[in-house]
Structure formats: structure tokens, C-alpha cells
Amino acid sequence: MRRLVVLLLLLAGCSRHEGPVDGATVFKPCASCHQIGANAHGGFGPQLNGLFGRRAGSTPDFKYSDAMKASGIVWDERTLAAYLRDPDKMVPGTKMRFWGIHDEQEMAALLAYLRTFQDAR
């Protein structure tokens with residue numbers, strides 16, 4: 001039991017990140033469903049160019065859930081972070097199946113990375 005306590009204390013002090021978190025790396029799992037950059041289009045998930053300031057469920061090249069279309073969400077850093085932490089909690093009935101991002105450094109890096117595609121076409 002004592003060894004377990006020591007191990008848990010050691011692990012609690014370990015940081016997941018040894019340096020800056022790279023948003024492109026955080027985005028990699030997202031890329032299996034979402035496209036960004038030049039010529040991005042909806043596929044298994046909607047394209048994410050120009051995401052900030054966009055009304056949820058509004059791109060014409062993706063079939064959104066009724067829940068997402070009716071959500072009234074306009075994406076900004078706050079709404080997107082809340083959604084990415086727990087999609088089902090924020091939009092019950094969403095089609096997105098995702099466990100969520102709970103690491104604040106990863107979230108900040110991902111949001112900054114997505115912001116770089118705000119003007120992409």
C-alpha cells in the first residue's frame with residue numbers, strides 16, 4: 001500500500017508536457033473527421049475553416065444533427081472550448097462522438113491552431 005501511495009504521488013507531479021504544446025499535434029486525431037486549410041470540405045465531419053464567429057450547423061457541405069442546427073451556438077474560444085470538453089453535455093443529440101479535451105494547454109494550443117485557418121478557403 002505504501003508503494004502505491006508513493007507511486008501515485010510521483011505520477012501526480014509528472015507533467016504531460018515537457019515543452020510548448022503544438023496545436024497541429026493536438027489536431028491530428030480531429031483530422032480523421034475534420035478538414036482545414038485550402039480546399040477543405042465537409043466529409044465525416046464539417047470543415048473547420050473560418051470557424052470563429054460562425055453559427056453552429058451552418059456550413060452547406062455537411063449534414064448536421066437537428067440538435068446542432070437548433071443549438072444557437074456561435075463559435076468563439078469559449079463556446080468551442082466548452083463543446084470540446086464535453087460535446088454531448090453542450091449539445092445533447094450531437095453526431096460528434098468524442099471523449100473531450102480536458103488538458104487546458106492542449107485546448108489553448110488547439111484553439112490557437114484553428115484560429116490560423118480563420119481566413120482559409
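Colleague: Which residues does T79 touch, not counting residues up to four places away in sequence?
Modeller: This is a predicted model. T79 sits in helix α4. Beyond four places in sequence, T79 touches I73, V74 and M90.

Colleague: Is T79 buried or exposed?
Modeller: Buried means under 20% relative accessible area. T79 has 7% relative accessibility, so T79 counts as buried.

Colleague: What distance separates the C-alpha atoms of M90 and T79?
Modeller: M90 belongs to helix α5. Its contacts, leaving out residues up to four places away in sequence, are I73, T79, A82 and Y83. M90 and T79 are eleven residues apart along the chain, and their C-alpha atoms are separated by 8.9 Å.

Colleague: Which accessibility class does M90 fall into?
Modeller: The class in between runs from the buried limit of 20% to the exposed limit of 50%. M90 has a relative accessible area of 29%. That value lies between the two limits, so M90 is partly exposed.

Colleague: Which elements do the buried residues of α4 pack against?
Modeller: Helix α4 spans 77-85. In this helix T79, L80, A81, Y83 and L84 are buried. The buried residues of α4 pack against α3, α5 and α6.

Colleague: At the start of α4, which backbone nitrogen does a side-chain oxygen of D76 reach?
Modeller: A polar contact needs N or O atoms within 3.5 Å. The D76 oxygen comes to within 3.0 Å of its partner. That partner is the backbone nitrogen of R78.

Colleague: How many helices and strands does the protein have?
Modeller: Read along the sequence, the pattern is α-α-α-α-α-α. The secondary structure therefore comes to six helices and zero strands.

Colleague: What share of the contacts with a separation of 6 or more comes from residues 24 or more positions apart?
Modeller: The protein has 121 residues, and 37% of them count as buried. Among contacts with a separation of 6 or more, residues 24 or more positions apart account for 43%.

Colleague: Which elements give two or more residues to the largest nonpolar core?
Modeller: The largest nonpolar core has 24 residues. Those with the most contacts inside it are F27, M68, W75, L80, L110 and L114. The elements that give two or more residues to this core are α2, α4 and α6.

Colleague: Why might nonpolar side chains be buried together? And which residues does L114 touch, not counting residues up to four places away in sequence?
Modeller: In soluble globular proteins, nonpolar side chains tend to be buried together. L114 is among the core residues with the most contacts inside the core. Beyond four places in sequence, L114 touches F27, I36, L48, L51, F52 and L80.

Colleague: Which residues lie nearest the centre of the largest pocket?
Modeller: About 670 Å³ of space lies in this pocket. Helices α2, α4 and α6 each give two or more residues to its lining. The lining has 33 residues, and nearest the centre lie C33, H34, P46, Y83 and M96.

Colleague: How many charged residues are in the lining of the largest pocket?
Modeller: By class, 22 residues of the lining are nonpolar. Polar residues number seven. The charged residues number four.

Colleague: Which backbone nitrogen does the side chain of Q47 reach?
Modeller: Q47 lies in the loop between α2 and α3. Leaving aside neighbours within four places in sequence, its contacts are Q35, A40, H41, G42, R54, T59 and D61. At 2.6 Å, the Q47 side chain reaches the backbone nitrogen of N49.

Colleague: Is Q47 buried or exposed?
Modeller: Q47 has a relative accessible area of 12%. The limit for that class is under 20%, so Q47 is buried.

Colleague: Is F44 buried or exposed?
Modeller: F44 lies in the loop between α2 and α3. Its contacts, leaving out residues up to four places away in sequence, are C33 and F62. F44 has 72% relative accessibility, which is over 50%, so F44 counts as exposed.

Colleague: What distance separates the C-alpha atoms of F44 and S32?
Modeller: F44 and S32 are twelve residues apart along the chain. Their C-alpha atoms are separated by 8.1 Å.

Colleague: What value is phi of N39 near?
Modeller: N39 is placed in the loop between α2 and α3. N39 is exposed, with a relative accessible area of 65%. Its phi is positive in a residue other than glycine, near 65°.

Conventions: Residues numbered from 1 in each chain as written. Predicted model: local features only at pLDDT ≥ 70, side-chain atom pairs only at ≥ 80, totals over all residues. Heavy atoms only, no water. 1 Å grid on protein atoms, 1.4 Å probe; cavity = no way out; pocket = protein on both sides within 12 Å on 5 of 7 lines; lining within 4 Å. Points joined across faces, edges and corners; volume = space filled by probe spheres on them. Helix = DSSP H or I, 4+ residues; strand = E, 2+ residues; numbered from the N terminus. Nonpolar A, V, L, I, M, F, W, Y, C, P; charged D, E, K, R; others polar. Buried < 20%, exposed > 50% of the residue type's maximum accessible area, 1.4 Å probe, protein only. Polar contact = N/O pair within 3.5 Å; in protein donor to acceptor, adjacent residues only side chain to side chain. Contact = heavy atoms within 4.5 Å. Core = buried A, V, L, I, M, F, W, Y, C linked by side-chain atoms within 4.5 Å.
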